[in-house]
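Trainee: I'm new to this one. Could you walk me through it, one question at a time?

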Amino acid sequence: MKSNDVLKEFKAKNIIIPKELIPWMRSNHAGETGAVWIYKGAKCVFWSKKIYQMALNHEKSEIKHLIIMQHLVGDSERSKLLILWKIMGFLLGFFPSLLGHKTFCITINAVETFVRKHYEEQINYLTGNERYSALLYVLQKCCFDEIAHQKDAEKQIAGLKFSSIARIWFSIVEFGSAVAVKVAKKI
Ligand SMILES: [Fe+2]
Ligand SMILES: [Fe+2]
């Protein structure tokens with residue numbers, strides 16, 4: 001995937017980041033790093049075709065998102081804990097996948113539900129501000145992909161019965177993602 005093509009596709013070349021959004025952008029960069037690693041982890045469970053195929057599809061857009069965030073968030077502004085986000089992402093992709101397709105989909109649905117809300121907050125903040133319309137476009141485009149990921153995972157588990165453990169797991173993943181974002185905004 002060529003970075004230049006991705007930047008063009010997202011119209012992300014000349015973008016101004018408002019100062020107050022730098023912590024948010026840092027968490028976006030950290031989050032997209034984690035997302036790429038979630039799907040890397042899931043792809044290790046290559047014997048499940050369903051998991052592998054979905055991970056491969058989603059990973060393609062996460063790589064694009066990461067290219068965008070790497071372009072928008074300079075080295076000095078990035079999270080100092082990237083190695084941690086990579087490891088956590090990998091584990092979050094790998095272990096649920098080992099347990100099977102349903103657990104993988106519940107996990108992805110939870111993560112993407114959180115990411116969607118995270119982008120929507122920023123989109124709401126920027127909406128109506130002409131000066132940042134280019135950034136708004138990028139975030140909307142990323143968010144659009146996350147919604148597709150969320151729906152894709154949801155569709156696969158629609159109609160299935162959920163144990164209370166599954167419900168608790170969904171909340172843990174959402175809560176864990178929220179904590180990670182809080183930390184990544186600061187460090
Ligand atoms: Fe993403
Ligand atoms: Fe995603």
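**Helices, cores and two loops**

Mentor: Sure, and keep in mind that this is a predicted model. Let's start where two helices meet: Met54, His58, Ser61, His65 and Ile68 in H3 face Val138, Cys142, Asp145, His149 and Asp152 in H6.

Trainee: So how do H3 and H6 run relative to each other, roughly parallel or roughly antiparallel?

Mentor: Look at the axes, which come within 11 Å and cross at roughly 165 degrees. The crossing of H3 and H6 is left-handed. Angles over 145 degrees count as roughly antiparallel, so H3 and H6 are roughly antiparallel.

Trainee: And what about H5 and H6, roughly parallel or roughly antiparallel?

Mentor: Their axes are 8 Å apart, and the packing angle is about 155 degrees. H5 passes H6 in a crossing that is left-handed. With that angle, H5 relative to H6 is therefore roughly antiparallel.

Trainee: Let's stay on H6. How far apart are its end C-alpha atoms?

Mentor: H6 has 25 residues, and at 1.5 Å a residue they should span 36 Å. The model agrees with that, because the distance between the end C-alpha atoms of H6 is 36 Å.

Trainee: Which elements cover the buried residues of H6?

Mentor: The buried residues of H6 are Leu135, Val138, Leu139, Cys142, Glu146, His149 and Ala153. Val138, Cys142 and His149 also turned up among the H6 residues that meet H3. What covers the buried set includes H3 and H5.

Trainee: Now the largest nonpolar core. Which element gives the largest share of it?

Mentor: That core has 37 residues, and Ile38, Ala42, Ile68, Val111 and Val138 touch the most other members. The elements giving two or more residues to this core are H2, H3, H5 and H6. The largest share, ten residues, comes from H5.

Trainee: Ile68 keeps coming up. Leaving out residues up to four places away in sequence, what does Ile68 touch?

Mentor: Ile68 is one of the H3 residues that meet H6. Setting aside residues up to four places away in sequence, its contacts are Val6, Leu7, Phe10, Ala12 and Val138.

Trainee: On to H7. Which helices help cover its buried residues?

Mentor: H7 covers residues 164–186, and its end C-alpha atoms are 34 Å apart, which agrees with an expected 33 Å. Its buried residues are Val173, Ser177, Ala180, Val181 and Ala184. Covering them are elements including H2, H4 and H5.

Trainee: Is Val45 buried or exposed?

Mentor: Val45 sits in the loop between H2 and H3. Apart from residues up to four places away in sequence, Val45 touches Ile51, Ser97 and Leu98. It has 21 C-beta neighbours inside 10 Å, and 20 or more are needed, so Val45 counts as buried.

Trainee: How far apart are the C-alpha atoms of Val45 and Trp85?

Mentor: Along the chain, Val45 and Trp85 are 40 residues apart. In space, their C-alpha atoms are separated by 20 Å.

Trainee: Last one: what is phi of Lys11 near?

Mentor: Lys11 lies in the loop between H1 and H2. Lys11 is partly exposed because it has 13 other C-beta atoms within 10 Å. Most residues other than glycine have a negative phi. In Lys11, which isn't a glycine, phi is positive, near 50 degrees.

Terms used:
Residues are numbered from 1 along each chain as its sequence is written. Chains are lettered from A and ligands numbered from 1 in the order in which they are written. This is a predicted model: local features need pLDDT of at least 70, side-chain atom pairs count only at pLDDT 80 or more; totals for chains, interfaces and linings use all residues. Helices (H or I, at least four residues) and strands (E, at least two) are DSSP runs, numbered from the N terminus. The expected span of a helix is 1.5 Å times one less than its number of residues. A residue is buried if 20 or more other C-beta atoms lie within 10 Å of its own, exposed if 12 or fewer, and partly exposed in between; C-beta atoms are placed from the backbone. Two residues are in contact if their C-beta atoms, placed from the backbone, lie within 7 Å. A nonpolar core is a set of buried Ala, Val, Leu, Ile, Met, Phe, Trp, Tyr and Cys residues joined through C-beta atoms within 7 Å. Axes are lines fitted to C-alpha atoms, for helices over the stretch in contact, and angles run from 0 to 180 degrees between N-to-C directions. Angles under 35 degrees count as roughly parallel, over 145 as roughly antiparallel, 65 to 115 as roughly perpendicular and the rest as oblique. A crossing is left-handed if the near helix is turned anticlockwise from the far one by less than a right angle, and right-handed if clockwise.
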